[in-house]
Amino acid sequence: MANRITVDGTTPDLDGPAEAIRNGQLVVFPTETVYGLGANALDSAAVQRIFQAKGRPASNPLIVHVADIDQARRLAVHWPETAQLLTERFWPGPLTIVLRKSSYVPNAVTAGGATVALRCPGHSVALQLVRESGVPIAAPSANLSGYLSPTQVAHLAPEIVAAAAWIVDGGPCHGGIESTVLDLESNPPAILRHGLIRSKVLGEALGIDLQHGPPRNEDPPRSPGLLLRHYAPSCPVALVESGTDPDAVLDRMSLHRYSKVAYLMVHRAEAPQPAIRLVAMPDNPELYARVLYDTLHQIDAERFDVIVVEMPPDTSEWNAIRDRLQRASIR
Ligand code: TXA
Ligand code: MG
């Protein structure tokens, strides 16, 4: 069972977790997006343990967390101007860039691929852990493969807790959804996953339009994680566009008025039927992101028959949220 440390505002003592990383063990740690399950990115055996613990398909590559631009540069074969510009501006922070990997990066990390995803986390504890361990840290979200990402230690699955040598508890993650993944090898650069940094903002920094996001149904997929059902709770999730009757979806799913239904609504003040659970979601993308996974984790723990979600508007500022909701609804 994992050792635990709770960190507060001051500089925590991360000697134990940092040593565990150097020894090839797994550490759960907070970031500004979601909790990560980390291992020494330069140690193939350690990286394999991440795949095992999560039940993650070996074809899905991991993000490597670095302390700074210098460390990132050693992991890529080249460092284009776009990388310099974006990392100076957005690191440390929730931007992940994809570049051709250097020979330092084991194939286990990149799922045998020629590129590596790099991110310098904007959370003081995550940064301190990468610095103190002295190696780059490969870390996916600390959930079982396909399931919702954890934004608090309370969300961790027992299998993850059992697999970790250390759990560093930094309280709730401020951002609440994952980093934005940007492919800098394609010309022009392309968003592979919408995330906490808006595509519009990245596009403006590069002087190009990035808002269209990842192309669907590419074969082979440029980012394997993208085509899977993902970020999903155990209960079915049904999406309704704003302004349509949320109960029509229940008929389609052969559920009835006595089913245990949770509604996540942005605009509706009262439950549409004598039910059950109505969660008023924030009408603002940042605040919505911060509470989304925690809300779904809580509802999931209570075993509802279905979660009916009113989709936020189809505008670019809501891209990442709509993306996560869509993936959560695929069964
Ligand atoms: O916010 C985050 O990014 C969190 C925290 C822990 O840093 N991490 C995270 O990792 O979300 P993960 O493994 O759950 O998601 C990584 C995504 C996957 O969709 C994966 O396919 C994609 O990034 N990815 C990783 N390496 C890639 C590469 N070389 N090329 C394309 N996509 C890649
Ligand atoms: Mg994940």
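This is a short tutorial dialogue on reading the strands, helix contacts and backbone features of a predicted model.

Q: Let's begin with the sheet. In what order do its strands lie, and is it open or closed?
A: A word on sheets in general: strands pair through backbone hydrogen bonds, either parallel or antiparallel. In this predicted model, 10 strands make an open sheet, and the order across it is β1-β8-β2-β3-β7-β4-β6-β5-β9-β10, with mixed pairing. The edges are β1 and β10 (190-193), each of which pairs on one side only.

Q: How does β1 pair with β8, and over how many bridges?
A: Strand β1 (residues 3-6) runs parallel to strand β8 (residues 166-169), and four bridges link them. To find the register, look at residues that face each other: Asn-3 is opposite Trp-166 in β8, and Thr-6 is opposite Asp-169 in β8.

Q: And what joins β2 to β8?
A: Strand β2 (residues 27-29) is also parallel to β8, with two bridges between them. Here you can take Val-28 as your marker, since it stands opposite Ile-167 in β8. When you follow the side chains, keep in mind that in a regular strand they alternate between the two faces of the sheet.

Q: Which strands does helix α2 lie across?
A: Helix α2 (residues 44-54) lies across β3 (36-40) and β7 (137-138). Its direction is at about 155° to β3.

Q: Now for helix pairs. At what angle do α1 and α6 pack?
A: Helix α1 (residues 15-22) and helix α6 (residues 124-133) pack at about 55°, and their axes are 9 Å apart. Angles from 35 to 65 degrees count as oblique, so α1 and α6 are oblique to each other. The crossing is right-handed. On the α1 side, Asp-15, Pro-17, Ala-18, Ile-21 and Arg-22 make the contact, and on the α6 side Leu-129, Glu-132 and Ser-133 do. By class, these residues are four nonpolar, one polar and three charged.

Q: How do α4 and α8 cross?
A: The axes of helix α4 (residues 81-90) and helix α8 (residues 199-206) come within 10 Å and cross at roughly 125°. That angle makes α4 oblique to α8. This crossing is right-handed. From α4, Thr-82, Leu-85, Leu-86, Arg-89 and Phe-90 meet Val-201, Leu-202, Ala-205 and Leu-206 of α8. The contact of α4 with α8 comprises seven nonpolar residues, one polar and one charged.

Q: Turning to the backbone, where is there a cis peptide bond at Pro-92, and what is its omega?
A: The general background is that most residues other than glycine have a negative phi, and most peptide bonds are trans. Trp-91 and Pro-92 are joined by a cis bond with omega about -10°, and Pro-92 sits in the loop between α4 and β5 (95-100). Another cis bond runs from Asn-187 to Pro-188, with omega near 0°; Pro-188 belongs to the loop between β9 (180-183) and β10.

Q: What is phi at Ala-111, and what is it at Arg-303?
A: Ala-111 has a positive phi near 55°, and Arg-303 has a positive phi near 55° too. Ala-111 lies in the loop between α5 (107-110) and β6 (115-119), while Arg-303 is in the loop between α10 (285-301) and β14 (306-311).

Q: Is Ala-111 partly exposed or buried, and is Arg-303 exposed or buried?
A: Ala-111 counts as partly exposed because its relative accessibility is 28%. Arg-303 counts as exposed, since its relative accessibility is 64%.

How values were computed:
Residues numbered from 1 in each chain as written. Chains lettered and ligands numbered in written order. Predicted model: local features only at pLDDT ≥ 70, side-chain atom pairs only at ≥ 80, totals over all residues. Heavy atoms only, no water. Axes fitted to C-alpha atoms, helices over the stretch in contact; angles between N-to-C directions. Parallel < 35°, antiparallel > 145°, perpendicular 65-115°, else oblique. Left-handed = near helix turned anticlockwise from the far one by under 90°. Contact = heavy atoms within 4.5 Å. Nonpolar A, V, L, I, M, F, W, Y, C, P; charged D, E, K, R; others polar. Pairing = 2+ DSSP bridges. Buried < 20%, exposed > 50% of the residue type's maximum accessible area, 1.4 Å probe, protein only.
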